[in-house]
Amino acid sequence: MIQEIKTVVFSPTGSTEALVKEVGTALAGKLGVPVSHDSFTLPAGQKKLRSYGPDTLVVFGTPTYAGRVPNKALPFVQTLFEGHGTPAIALVTFGNRSYDSALSELHNELTSRGFSVFAAGAFARPHAFATIGLEHPTEEDKALLNTLVENAAKKVQNGNFSDAVIKGGAPVAPYYIPLGEDGQPAKFLKAKPLTDPAKCDHCGKCAAVCPMGSINKDNTDEVPGICIKCQACIVYCPKQAKFFHDDRFLSHKAMLEKNYTRTAHSEIFTGE
Ligand SMILES: Cc1cc2nc3c(=O)[nH]c(=O)nc-3n(C[C@H](O)[C@H](O)[C@H](O)COP(=O)(O)O)c2cc1C
């Protein structure tokens, strides 16, 4: 018997967190059980181990980065979470290009950590750094979310935690290679955010929201650590002082804005 729902997210700019909370809260309402929310977005949440039993239902979400679970979040998925026959719903968001293998990868990782992934969904949302997908969530996205919650509730009520097979069980593909406007690979791994000194008042918000803890909180102009391009420092800066100036990164952004203007479709998998 499911006694509680726990939501768990990695969500630098908040879209995945909003989705996962919405699904978890709606399902908890249908099942009449309490829901609580957990996150490993920030360093504080990346240190504690979590272990769940069969009476907890976990709703787990990450964004899609390069067609996969963000590679710097993957080790946390693999080392911090342990299920013991724990039913789980796997969710990914993606920024209107494609979720490629992200949901399959999340499904496989959770399954190998003792979770029974009985429902899953990939939901299109606005892109974190390209101006595409602003129309999401569309009416179609919302209807799919409702169907996912209804189907998941039915499965729980029937004690049916059969596997939600993603894309026919297709294997996880290599990372998507970001392209530039010229169609060539755009290598921007080393790009880091810059700071406009005329706007920054050194409030420290960017350092506080960086999932990698990479921005020096005593001098926020400095980014000594790794940058995953998640955009949290840009989105949450109250002065709009952070920006990317890397040519290859901006070329990739422009390519996305040129080629991915159509409305991408969300998809759900409930094994039925
Ligand atoms: C570094 C990076 C890589 C991304 N790669 C993809 C991608 O391969 N496909 C896609 O459709 N969206 C991609 N996106 C967009 C995100 O998946 C989307 O904006 C997501 O909802 C962000 O989640 P969050 O708000 O929880 O951080 C990428 C975003 C970032 C920051």
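**Two domains and a ligand between them**

The C-alpha centres of domain 1 and domain 2 lie 27 Å apart, and I would like to begin there, noting at once that what we are looking at is a predicted model. The protein is divided into domain 1, which covers 4-174 + 262-269, and domain 2, which covers 194-245. Where they meet, nine residues of domain 1 are in contact with nine residues of domain 2, and the side of domain 1 that touches domain 2 is made up of six nonpolar residues, two polar and one charged.

Let me step back to the protein as a whole. Its secondary structure comes to seven helices and ten strands, and its C-alpha atoms fill a box of roughly 60 × 40 × 30 Å along the principal axes. For 272 residues, a compact globule would have a radius of gyration near 19 Å, and the protein, with 19 Å, agrees with that. Of those 272 residues, 44% count as buried, and if we take the contacts with a separation of 6 or more, 78% of them are between residues 24 or more positions apart.

Now to the ligand, and to the question of where it lies with respect to the two domains. Both domain 1 and domain 2 give residues to the shell around the ligand, so the ligand lies between them. There are 26 residues around the ligand, and those that come nearest are Ser11, Ser15, Thr16, Pro63 and Gly95. The elements that give two or more residues to this shell are helix 1, residues 15-31, and strand 6, with helix 1 giving the most, three residues. By character, the shell divides into 13 polar residues, nine nonpolar and four charged.

Turning to the interior, it helps to remember that nonpolar side chains tend to be buried together in soluble globular proteins. The largest nonpolar core here has 52 residues, and those with the most contacts inside it are Val23, Ile89, Ala90, Leu91, Leu103 and Ala120. Several elements each supply at least two residues of this core, among them strand 1, helix 1, helix 4 and strand 10, while the largest share, eight residues, comes from strand 7. A second, separate core has eleven residues, including Ile215, Val223, Ala232 and Ala241.

To see how the larger core is put together, we can follow Ala90, which, leaving aside its neighbours within four places in sequence, is in contact with Phe60, Leu103, Leu106, His107, Leu110, Val117 and Ala120. That list leads us to helix 3, residues 102-112, where Leu103, Leu106, His107 and Leu110 are among the buried residues. Eight of the eleven residues of helix 3 are buried, so this helix is largely enclosed by the rest of the structure. What covers those buried residues includes strand 4, helix 2, strand 6 and strand 7. Just after helix 3, Gly114 takes a positive phi of about 95 degrees.

My last stop is Leu144, which is found in helix 4; is Leu144 buried or exposed? It has 20 C-beta neighbours inside 10 Å, and therefore counts as buried. Beyond its neighbours within four places in sequence, Leu144 is in contact with Gly121, Ser266 and Ile268. Leu144 and Ile215, by contrast, are 71 residues apart in sequence and 38 Å apart in space, C-alpha to C-alpha, and Ile215, as we heard, is one of the residues of the second core.

Note on methods: Residues are numbered from 1 along each chain as its sequence is written. This is a predicted model: local features need pLDDT of at least 70, side-chain atom pairs count only at pLDDT 80 or more; totals for chains, interfaces and linings use all residues. A residue is buried if 20 or more other C-beta atoms lie within 10 Å of its own, exposed if 12 or fewer, and partly exposed in between; C-beta atoms are placed from the backbone. Helices (H or I, at least four residues) and strands (E, at least two) are DSSP runs, numbered from the N terminus. Two residues are in contact if their C-beta atoms, placed from the backbone, lie within 7 Å. A residue is near a molecule or strand if its C-beta atom, placed from the backbone, lies within 6 Å of it. Ala, Val, Leu, Ile, Met, Phe, Trp, Tyr, Cys and Pro count as nonpolar, Asp, Glu, Lys and Arg as charged, and the others, Gly among them, as polar. Domain bounds come from an automatic or database domain assignment. A nonpolar core is a set of buried Ala, Val, Leu, Ile, Met, Phe, Trp, Tyr and Cys residues joined through C-beta atoms within 7 Å. The radius of gyration is taken over C-alpha atoms; the globule rule is 2.2 Å times the number of residues to the power 0.38.
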